[in-house]
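Visitor: I have a model on my screen and a list of labels. Please take me through what earns each label.

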Amino acid sequence: MGARFCGLLVLLAVFFSELNASRQAVNQELSSIFNELWRLDVNRMNPGIDYTISVQGKAGFVSQGSHVAQDHASLPLFSQVNETKLQTTTTVSRFMKLLDNYERSTGVAEHVSTEERTENNLFLDAVLDTEVMKRAHKYLVSKGQSRSDLRSFRSQLYLIWFHLYHRDRNGGVDSCGFEHVFVGETRSGREIIGFHNWIQFYLQEKNRHLDYKGYKARDHDTPDQDDHVLNLQFSWHGLVKPVGSAFIGASPEFEMALFTIVFLMNTERSTTVLVNIDQCQMELVVVRHGRSLGTAYPKLLSSNSRHLRQHSH
């Protein structure tokens, strides 16, 4: 009986140690550099001043591939956005010019015109001129993941974000990291894939191509209108994204810097890092497609420093 009891204790000890190991620790180094980038992000839009969101109701469960979702938000997510600031912020205005350069459906080959390539380059020039990307570059050089000369780093960013590749096996090259993450795609006329950017969300919602269905969150974790990351549900061109996520208000250069660092600091096909940025705890998910980006998005775990209060209890 004693031996059996000791054996049970050993099994329990192994079980709980594995359980704790599976709970990812906060990556303090990345949290530190990302908070530095957050403070440097002068182009970030401020909630209640530059934009206003209305989170409304909690969205229900919808299976992947469904075309129907109950609407728990009768109003748009964005009730007000300072469009003058969007148009006069260089990185943002150049970013918006790229949003109509892509075929929405995978399997349809992308053809990059000379004008579109120029737009890509002008956007990258503006991004590289920000303090956010300069600091990200310096960090990556210190880690041996990027070369110090700007031309080499620029080529590295182009390969990660704008290099075209096959997402669908049919047809020609049909996707790239930028299109998937910032613009959004549809697959086989059945589902929305990617689409993790708030500016694109706002513009598509304003043009009535997109309908916000409500927020997604764990029980007792209702988001606020000043949260800078949101998990949400929406429909776009008649298809439904059961659970999406995006930074809200952040600049394009901040998101690119963040995901580029995670991409280059890891070699696994799929990487998830746990970080604390400002008052939010989130997972950053990055999936590779060879030497380019397959997808990247934030997944909010808690906001308004709730994770700190829970830890102190």
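Guide: What follows sets values against definitions, label by label. This is a predicted model, so local features need pLDDT of at least 70, side-chain atom pairs count only at pLDDT 80 or more, and totals for chains, interfaces and linings use all residues. Residues are numbered from 1 along each chain as its sequence is written, and side-chain values use heavy atoms, with hydrogens and water left out.

Visitor: What makes F95 and F178 an aromatic pair, and an edge-to-face one?

Guide: Rings of Phe, Tyr and Trp (its six-membered ring) pair if their centres lie within 6.5 Å; planes under 30 degrees apart are stacked, over 60 edge-to-face, the rest tilted. F95 and F178 sit 5.6 Å centre to centre, with 65° between the planes. Both tests are met, so the pair is edge-to-face. The structure holds 21 aromatic pairs.

Visitor: Where in the chain do F95 and F178 lie?

Guide: F95 is in helix α4 (residues 90-98) and F178 in helix α8 (residues 177-183), 83 residues apart. Helices (H or I, at least four residues) and strands (E, at least two) are DSSP runs, numbered from the N terminus. Both F95 and F178 are buried.

Visitor: Which residues do ring pairs link into a cluster?

Guide: The cluster consists of Y51, F78, F195, W198, F201, Y202, Y212, F234 and W236. Two of these members, Y212 and F234, also stand opposite each other, with F234 in β6.

Visitor: What puts R44 over the face of W38?

Guide: The rule asks for NZ of Lys or CZ of Arg within 6 Å of the ring centre and within 35 degrees of the ring normal. R44 lies over the face of W38, at 3.8 Å from the ring centre. R288 does likewise over F263, at 4.0 Å.

Visitor: Why is C176 called buried?

Guide: Buried means under 20% relative accessible area, exposed over 50%, partly exposed in between (1.4 Å probe, protein chains only). C176 has 0%, so C176 is buried. C280, at 6%, also counts as buried.

Visitor: How many disulfides are there?

Guide: Zero. The rule wants a pair of cysteine sulfur atoms within 2.5 Å.

Visitor: What makes β5 and β6 a pair?

Guide: Two strands pair if DSSP finds at least two bridges between them. β5 (residues 210-215) and β6 (residues 229-236) have five bridges, in the antiparallel sense, so they pair. L210 has W236 in β6 as its bridge partner. Five of the six residues of β5 are buried.

Visitor: Which strands stand at the edges of this sheet?

Guide: The open sheet runs β5-β6-β7, with antiparallel pairing. Its edge strands are β5 and β7 (239-247), each pairing on one side only. Neighbouring strands are turned by 35° against each other on average, direction ignored. Axes here are lines fitted to C-alpha atoms, for helices over the stretch in contact (heavy atoms within 4.5 Å). Angles run from 0 to 180 degrees between N-to-C directions. Helix α9 (residues 198-206) lies across β5, β6 and β7, at about 120° to β5.

Visitor: Why are β8 and β10 at the edges of their sheet?

Guide: The order is β8-β9-β10, antiparallel and open. β8 (270-277) and β10 (292-302) each have a single partner strand, so one side of each is left without a neighbour in the sheet. The twist averages 20° from one strand to the next. Nine bridges join β9 (residues 280-289) to β10, and E283 stands opposite K299 in β10. Helix α10 (residues 252-264) lies across this sheet's three strands, β8, β9 and β10, at about 65° to β9.
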